[in-house]
Amino acid sequence: MVTFLIAVLALVAGYFVYGKIVERIFAPDANRVTPAISMQDGIDFLPMPTWKIFMIQFLNIAGTGPIFGAIMGAKFGPSAYLWIIFGCVFAGAVHDYLSGMLSIRNNGAGLPELVGKYLGQTTKKVMLVFTVFLMLMVGAVFVYSPALILGNMTKDLMANSVYVWCAIIFIYYLIATLLPIDKIIGKVYPFFAFAILFMAVALGINLLIKWPTLPELYEVGVDTSAFNGADIFPALFITIACGAISGFHATQSPLMARCMTNEKYGRPIFFGSMITEGIVALIWATISMYFFYGGGAAELGKEATLQAPQVVTAVSEGWLGVIGGVLAILGVVAAPITSGDTALRSARLIVAEFIHLEQTSISKRLYICVPMFAVTMGLLFFNISNPDGFNVIWNYFGWSNQTLSVFTLWAITVYLAMNKRCFWITFFPAAFMTTVSVTFLLVSKNCIGLDATVAYIGGAVAAIAACGAFFAWYSKWSKNTKEVW
């Protein structure tokens, strides 16, 4: 528990200290007119209160990642704390803040547009397909996971309950994606965000009261054990994504960038929501270590082999009682549903931006949504009909998610270099995540499945090549502009 408390304090300090440094490097302009004001359309570009934007941003980026990912990542031991701390402060929060602020500076542009502007049009086209497909996978995955939880809760009330809930959630997706952002998202999502925060605070208080004996980082060092046959590197850095760094967040930040009325709110909204998500991940990682290794499963009368959704249900009901448990589970169910519908909303806007199709009329929104939802339904059908479909899609989603962060970080690095800012704050995370993403692609049995040593070498070579390409561009750009860093 000592490691847990130090980790929480480290995240809070990261917001006030490193967050301030990153903010000064970017230099937000409180007098600049934001897209929410200059491009207001009543649908997607719409001024909203700062507190509401924070709650929506937090809910959009949360999903099941900081919960399920932390539960699975906790099986690597207390080394999970290190990744959550360093990943969240020096990579994830920086990634979310700068991608959101960059969107504001570019008229609320989506991720492919930003990547294309700073990494080239060819990369933009690749990123367009890559990003939209990732958003559709998010939609499919985040229909199925809450439907499983709701289905188990209502299986005695209706037949085929999982399928019924899939249909209900999917219909909701379509409605929420088409409606103006303030009609459902702006009104309901802050309550769902409150449910997640309530769950985190209530469970955190329970942890402090119980004060379980857990393995401390300073006692056991970094755990290098394997989890499900995967070595800690790169598996840990893919498993715990949303609680540390997630490329998906860069697709969500522009949604809120289109609603901000002042650039000075960027740090509390983007950097702050990521730090908050990191704290949620720390709480669930600690609960999971207690559940799996500290006697928590026996205390609740459960098996220590339960999967993540069952762990959430058992702990929420066992620790918080009926009312608290319902509210906690509501947060866990709402998080993936809301992340799923905003992912599809983001996909709609990305496609519309690429083909230059206005989105003020509902017919033009349907023009994009109909084929998009058809593909999502196909992925969902594969998810349900294939016994291992969820795991297959989730593995590809995990890799795609972190690969997306690689492109985002390199694009931000180029932006900072071009504007004579300290680009090292994203250069090092970009190089590291390049290594992680390529290594996982090479070593994963669901991907290429090479020998671990070969995969490690391949990941290192990819990172060196990416760094070399950046410095080659920077040298040429500096000479052409006659400016030296």
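# Burial, helices and a pocket

Tutor: Start with helix 12. Phe-248, His-249, Ala-250, Thr-251, Gln-252, Ser-253, Pro-254, Leu-255, Met-256 and Ala-257 are buried there. This is a predicted model: local features need pLDDT of at least 70, side-chain atom pairs count only at pLDDT 80 or more, and totals for chains, interfaces and linings use all residues. Residues are numbered from 1 along each chain as its sequence is written, and side-chain values use heavy atoms, with hydrogens and water left out.

Student: What makes helix 12 mostly covered?

Tutor: Count its residues. Helix 12 spans residues 248-257, and 10 of its 10 residues are buried. A helix here is a DSSP run of H or I with at least four residues; a strand is a run of E with at least two; both are numbered from the N terminus.

Student: Why is Gly-65 called buried?

Tutor: Set the value against the cut-off. Buried means under 20% relative accessible area, exposed over 50%, partly exposed in between (1.4 Å probe, protein chains only). Gly-65 has 9%, so Gly-65 counts as buried.

Student: Where is Gly-65, and what is Gly-65 in contact with?

Tutor: Gly-65 lies in helix 4, residues 65-73. Leaving aside neighbours within four places in sequence, Gly-65 is in contact with Ala-70 and Cys-242. Contact means heavy atoms within 4.5 Å. Pro-336 is 271 residues from Gly-65 in sequence, and 8.6 Å away in space, C-alpha to C-alpha.

Student: How many helices and strands does the protein chain have?

Tutor: It has 19 helices and zero strands.

Student: Why is the chain called as compact as a globular protein of that length?

Tutor: Compare two values. The radius of gyration, taken over C-alpha atoms, is set against the globule rule: 2.2 Å times the number of residues to the power 0.38. The chain has 21 Å, close to the 23 Å that the rule gives for 485 residues, so the name fits.

Student: What share of the residues is buried?

Tutor: Of the 485 residues, 59% are buried.

Student: What makes the lining of the second largest pocket a mix of classes?

Tutor: The lining has six nonpolar, five polar and six charged residues. Ala, Val, Leu, Ile, Met, Phe, Trp, Tyr, Cys and Pro count as nonpolar; Asp, Glu, Lys and Arg as charged; the others, Gly among them, as polar.

Student: Which helix gives the most to that lining?

Tutor: Helix 15, residues 308-355, gives the most to the lining of the second largest pocket, with three residues.
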